[in-house]
Amino acid sequence: MKPIFVQLQCAPGRTYDVADEIYRKEIVSEMYSTSGDYDLLLKIYVEEGQDIGKFINDNIASVPGISRSLTTLTFNAF
C-alpha cells in the first residue's frame with residue numbers, strides 16, 4: 001500500500017459535513033484542516049497499481065459539499 005495525499009476545498013460552512021462523510025467511509029488514515037475553514041488535506045493508503053483517479057471519483061468526489069476539484073500528490077519515498 002502507498003499513501004496519497006488529497007487536498008480539496010469545501011463549500012463555505014460545509015467543511016465539517018464533508019470531513020464527517022469522508023471519515024464515515026473509513027478510507028482516510030489522517031485528515032488535516034488547512035488554509036482557514038475551507039480546505040482539507042487527506043492521507044489515504046491505496047493498493048499498488050490501483051487507479052487513483054477512479055478511487056477518488058468513487059470514494060471522495062461524490063461527497064456533497066466539495067466545491068473545488070481534487071489535487072492528488074503521491075510520494076514514492078514512503
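Here's a quick briefing on the fold, the core and a few residues worth a look in this predicted model.

The protein chain has two helices and four strands, and from the N terminus on they run β-α-β-β-α-β. Helices (H or I, at least four residues) and strands (E, at least two) are DSSP runs, numbered from the N terminus. Residues are numbered from 1 along each chain as its sequence is written. Because this is a predicted model, local features need pLDDT of at least 70 and side-chain atom pairs count only at pLDDT 80 or more, while totals for chains, interfaces and linings use all residues; side-chain values use heavy atoms, with hydrogens and water left out.

**Confidence and overall numbers**

- The mean pLDDT (the predictor's confidence in each residue, from 0 to 100) of the protein chain is 82, and 83% of its residues reach 70 or more.
- Among the elements, helix 1 has the highest mean pLDDT, at 91, and strand 4 the lowest, at 67.
- Of the 78 residues in the protein chain, 33% are buried; buried means under 20% relative accessible area, exposed over 50%, and partly exposed in between (1.4 Å probe, protein chains only).
- The accessible surface adds up to about 4900 Å², with 47% of it belonging to carbon and sulfur atoms. Those areas come from the Shrake-Rupley method with a 1.4 Å probe, and for residues only the protein chains shown count as cover.
- Take the contacts (heavy atoms within 4.5 Å) between residues at least 6 apart in sequence: 67% of them join residues at least 24 apart.

**The core**

- In soluble globular proteins, nonpolar side chains tend to be buried together.
- Here, the largest nonpolar core has 17 residues, and L8, L42, I44 and I60 touch the most other members. A nonpolar core is a set of buried Ala, Val, Leu, Ile, Met, Phe, Trp, Tyr and Cys residues joined through side-chain atoms within 4.5 Å.
- Strand 1 (2-9), helix 1 (15-24), strand 3 and helix 2 are the elements that give two or more residues to this core, and strand 3 gives the most, with four.
- Leaving aside neighbours within four places in sequence, I44 is in contact with K2, P3, I4, V6, I27, V28, F55 and I60.

**Helix 1 and what follows**

- T15, V18, A19 and I22 are the buried residues of helix 1. Seen down the axis, they fall within an arc of 95 degrees, so they line one face of the helix; the arc is that of the directions from the helix axis to the C-beta atoms.
- Turned away from that buried side is a face carrying the exposed residues Y16 and R24.
- Strand 1, strand 2 (28-34) and strand 3 are among what covers the buried residues of helix 1.
- After helix 1 comes E26, in the loop between helix 1 and strand 2. Its phi is positive, about 55 degrees, although E26 is not a glycine, and at 72% relative accessible area E26 is exposed.

**Helix 2**

- I52, F55, I56 and N59 are buried in helix 2 (residues 52-59). They sit on the same side of the helix, because they cover an arc of only 95 degrees around the axis.
- I52 counts as buried at 16% relative accessibility. The C-alpha atoms of I52 and I4 are separated by 8.5 Å, though the two residues are 48 residues apart along the chain.
- At the start of helix 2, a side-chain oxygen of D51 reaches to within 3.1 Å of the backbone nitrogen of G53.

**Two more buried residues**

- K43, a residue of strand 3 (residues 39-46), is buried, with a relative accessible area of 13%.
- Not counting residues up to four places away in sequence, K43 touches P3, I4, F5, V28, S29 and E30.
- The side chain of K43 also makes a polar contact with the side chain of Y45, at 3.5 Å. A polar contact is a pair of N or O atoms within 3.5 Å; within protein, one must be able to donate a hydrogen and the other to accept it, and residues adjacent in sequence count only if both atoms are side-chain atoms.
- G65 is in the loop between helix 2 and strand 4 (71-74), and counts as buried at 16% relative accessibility.
- Leaving aside neighbours within four places in sequence, G65 is in contact with Q9, C10, A11, R14 and V18.
- G65 and G13 are 52 residues apart in sequence and 8.8 Å apart in space, C-alpha to C-alpha.
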